[in-house]
Amino acid sequence: MNRQPICFYYGAGQLDALTRYQRVVLQPEFYPPEQLVHLAERGVQTLGYLSLSEDQGPPAPWQRPERNPDWGGAFVYVDHPLWVDHVVGQARAAMAAGFSGLFLDTLNVELTFPEDVPHLLKLVAAIAEEAQPAYLLANRGFGMLPRLAELVDGVVFESFSARWTADGYAPWPPDVLEFHAQIAERLLQLDVELYALDYADSPGLADFAVRRAWQFGLQCVVSDRALSRV
């Protein structure tokens with residue numbers, strides 16, 4: 001089977017469709033161990049989603065007062081001991097359930113709380129050591145480069161060429177595209193697998209994202225804001 005490299009899918013089920021991919025990023029709460037076994041037996045590497053700097057759960061001592069304006073989750077004190085225990089525990093639970101790796105999200109703390117960059121690196125290192133995933137995939141995390149590349153196997157450049165906005169989906173303006181190109185050139189110097197995850201709702205925008213990603217050595221996935229496509 002000639003499989004596509006990766007899929008980001010935040011829904012449930014769709015096991016047959018997921019077997020079209022070499023690697024899939026899934027929400028751990030939606031996939032019981034028997035479904036993970038089903039995928040593994042068909043040669044699919046499953047990566048469990050893990051948020052490292054935002055918490056969607058109930059009020060907790062590690063939460064900051066500020067919240068993500070797009071998704072509503074609470075920002076956290078990344079170095080809070082209870083948060084570290086919580087996240088490492090989630091990582092261990094995902095691996096025990098049958099995931100073969102982890103997808104590390106919300107890594108852009110250099111844009112929100114830059115003082116947490118070294119703490120976030122320590123958290124990634126703790127996850128790699130304690131959970132012992134076969135594969136670690138980081139979403140962005142550019143403020144932690146190049147050290148991050150020593151801890152993970154792959155990096156996703158989310159919204160490399162296209163994005164979702166309040167008015168729908170659109171390409172980035174030229175100045176942002178140029179800035180992203182400079183980051184991509186840095187990523188190409190690192191020993192990690194590289195992906196682009198772009199957002200589009202038309203064939204033209206999707207084609208633009210895929211073609212531009214390939215120009216920079218990135219394998220591109222195009223989806224919707226909710227990552228509901230398989």
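How many helices and strands are there in the protein? The count comes to 6 helices and 13 strands, where helices (H or I, at least four residues) and strands (E, at least two) are DSSP runs numbered from the N terminus. The model is a predicted one, so local features need pLDDT of at least 70 and side-chain atom pairs count only at pLDDT 80 or more, while totals for chains, interfaces and linings use all residues. Residues are numbered from 1 along each chain as its sequence is written, and side-chain values use heavy atoms, with hydrogens and water left out.

Overall dimensions come next. The C-alpha trace spans about 45 × 40 × 35 Å along its principal axes. A compact globule of 230 residues would have a radius of gyration near 17 Å, and the protein, at 17 Å, agrees with that. The radius is taken over C-alpha atoms, and the globule rule is 2.2 Å times the number of residues to the power 0.38.

What share of the 230 residues is buried? Buried residues make up 51%; buried means under 20% relative accessible area, exposed means over 50%, and partly exposed is in between (1.4 Å probe, protein chains only). As for the outside, the accessible surface is about 10800 Å², and carbon and sulfur atoms own 53% of that. Those areas come from the Shrake-Rupley method with a 1.4 Å probe, and for residues only the protein chains shown count as cover. Looking at contacts (heavy atoms within 4.5 Å), 58% of those between residues at least 6 apart in sequence join residues at least 24 apart.

Now for the charges. The protein carries 16 positive and 29 negative charges, and their mean positions are 3 Å apart. Lys and Arg count as positive and Asp and Glu as negative, with His and the chain ends not counted; each charge is placed at NZ of Lys, CZ of Arg, CG of Asp or CD of Glu.

The structure holds 7 salt bridges, a salt bridge being a side-chain nitrogen of Lys or Arg within 4 Å of a carboxyl oxygen of Asp or Glu. One of them pairs glutamate 193 with arginine 23, with the closest N and O atoms 3.1 Å apart. Glutamate 193 belongs to strand S12 (residues 193–199) and arginine 23 to strand S2 (residues 21–26), so this pair ties together parts that sit 170 residues apart in sequence. Arginine 23 counts as buried, at 12% relative accessibility, whereas glutamate 193 is partly exposed at 33%.

Another salt bridge links glutamate 130 and arginine 92, whose closest N and O atoms are 2.9 Å apart. Here the partners come from helix H4 (residues 117–130) and helix H3 (residues 81–97) respectively, so the pair ties together parts 38 residues apart in sequence. Glutamate 130 is partly exposed at 39%, and arginine 92 is partly exposed at 41%.

A third example stays inside one helix: arginine 211 and aspartate 207 meet at 2.7 Å, N to O, and both lie in helix H6 (residues 203–215), 4 residues apart, about one turn of the helix. Arginine 211 has a relative accessible area of 46% and aspartate 207 has 39%. There is also a network of salt bridges that links Arg64, Glu115 and Asp116.

Where is histidine 86 found? Histidine 86 is in helix H3 and is partly exposed, at 28% relative accessibility. From C-alpha to C-alpha, histidine 86 is 13 Å from glutamine 56, with their positions 30 residues apart in sequence.
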